[in-house]
Amino acid sequence: MKKLLIIIGITSIALTASAQTHFPKNFNVDLGGGINDAGNFTPVVGGGYVFNNWFSLYGRYSFATGKVEGDQLTYWEHNAEIYPYFTVLSVQDKWFISPLVGIAYKHQNLGGIPTSSRNVNGHNFGAVIGVEGEWHFMRYLSAFAGVNYRGLFFKEEPRYEFFATAGIRTSLRVFKKAGKR
């Protein structure tokens, strides 16, 4: 048992010591899930380009649907966001904290949800602000989780929507031969 714990410990140290998805001049791909302001699950896909160890540009797409009531879907929504990603805190090159501020786009239909007189269906634009934590646990993989708010401004009065996400980020460098940049 003691030998097994030593082997597991050495392996985990080796994996975390070689963790790296913050390769400069590299593309990353995200797959995950989130919870929207209505409390529903939403799949999330994203991608980004890493300029250097502290600055990246990312984009993210998510969609969600509500439940069916009386043969009518209560709502559907598509969301897209683009934001610069600034790494402000790095611990041992395996834990990262990054705020994000960018633009948001939403297309939605609230067909089955009773709404007030305001019309929020259709296309809407706004901003997104949030924070994300990332943990590199293998050379080309990391786990991330974050929270943000979308502020949507162009349909009726402004509204603010909470969104939480978590997933896996992989570096596309994993597909390159050793020594290639």
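Let's start at a hairpin: in this predicted model, strands β2 and β3 form one, with 4 residues between them. The two strands run antiparallel and are joined by 7 bridges. If you would like a spot to anchor your eye, find V50, which stands opposite S56 in β3. β2 covers residues 41-50 and β3 covers residues 55-65.

Now stay with β3 and look at its two sides. The covered face carries S56, Y58, R60, S62 and A64. The uncovered face carries F55, L57, G59, Y61, F63 and T65. Keep Y58 in mind, since we will meet this residue again.

From β3 you can step across to β6. These strands pair in the antiparallel sense over 11 bridges. One place to see the pairing is Y61, whose bridge partner in β6 is A80. β6, residues 76-86, also shows alternating side chains. E77, N79, E81, Y83 and Y85 point to one face and are buried, while W76, H78, A80, I82, P84 and F86 point to the other face and are not buried. Notice that the buried face of β6 includes charged side chains, E77 and E81 among them.

One more step takes you to β8, residues 95-109, which pairs with β6 in the antiparallel sense over 8 bridges. Here E81 stands opposite A104 in β8.

With these strands in view, what makes up the largest nonpolar core? It has 7 residues: V50, Y58, Y83, Y85, L100, A104 and V128. The elements that give two or more residues to this core are β6 and β8. Several of these names are already familiar: V50 is the residue opposite S56, Y58 belongs to the covered face of β3, and Y83 and Y85 are on the buried face of β6. As general background, nonpolar side chains in soluble globular proteins tend to be buried together.

Y85 is a good residue from which to explore the surroundings of this core. Leaving aside residues up to four places away in sequence, Y85 touches W54, F55, S56, Y58, S98, P99, E132, E134 and R169. One of these contacts, E132, deserves a visit of its own.

E132 lies in strand β9, which spans residues 122-138. Is this charged residue buried or exposed? E132 has a relative accessible area of 3%, and because buried means under 20%, E132 counts as buried. Beyond residues up to four places away in sequence, E132 touches Y85, F96, I97, S98, L100, F144, A145, G146 and R169. G146 sits 14 residues from E132 along the chain, yet their C-alpha atoms are separated by 4.0 Å.

E132 also brings us to the empty space inside the model. How many cavities of 30 Å³ or more does the structure hold? There are 2, and the largest has a volume of about 40 Å³. The lining of that largest cavity consists of D30, V44, G46, Y58, G59, R60, Y83, E132 and F144. By type, these residues divide into 4 nonpolar, 2 polar and 3 charged. β2 and β3 each supply at least two of the lining residues, and β3 gives the most, with 3. Y58 and Y83 therefore appear both in the nonpolar core and in the lining of the largest cavity.

Two loop residues make a useful contrast with this interior. K25 is in the loop between α1 (2-17) and β1 (26-35), and Q92 is in the loop between β7 (89-91) and β8. Phi of K25 is near 55°, a positive value in a residue other than glycine. Phi of Q92 is likewise near 55° and positive. For context, most residues other than glycine have a negative phi. K25 counts as exposed because its relative accessibility is 63%, and Q92 is exposed too, with a relative accessible area of 64%.

Finally, step back to the whole chain. Its secondary structure comes to 1 helix and 11 strands, with the helix coming ahead of the strands from the N terminus on. Of the 181 residues in the chain, 35% are buried. Among contacts between residues at least 6 apart in sequence, 56% join residues at least 24 apart.

How values were computed:
Residues are numbered from 1 along each chain as its sequence is written. This is a predicted model: local features need pLDDT of at least 70, side-chain atom pairs count only at pLDDT 80 or more; totals for chains, interfaces and linings use all residues. Side-chain values use heavy atoms; hydrogens and water are left out. On a 1 Å grid over the protein atoms alone, a cavity is a set of points where a 1.4 Å probe fits but cannot get out, and a pocket is an open set with protein on both sides within 12 Å along at least five of seven lines; lining residues have an atom within 4 Å of a point. Grid points are joined across faces, edges and corners, and a volume is the space filled by probe spheres set on the points. Buried means under 20% relative accessible area, exposed over 50%, partly exposed in between (1.4 Å probe, protein chains only). Two strands pair if DSSP finds at least two bridges between them. A nonpolar core is a set of buried Ala, Val, Leu, Ile, Met, Phe, Trp, Tyr and Cys residues joined through side-chain atoms within 4.5 Å. Contact means heavy atoms within 4.5 Å.
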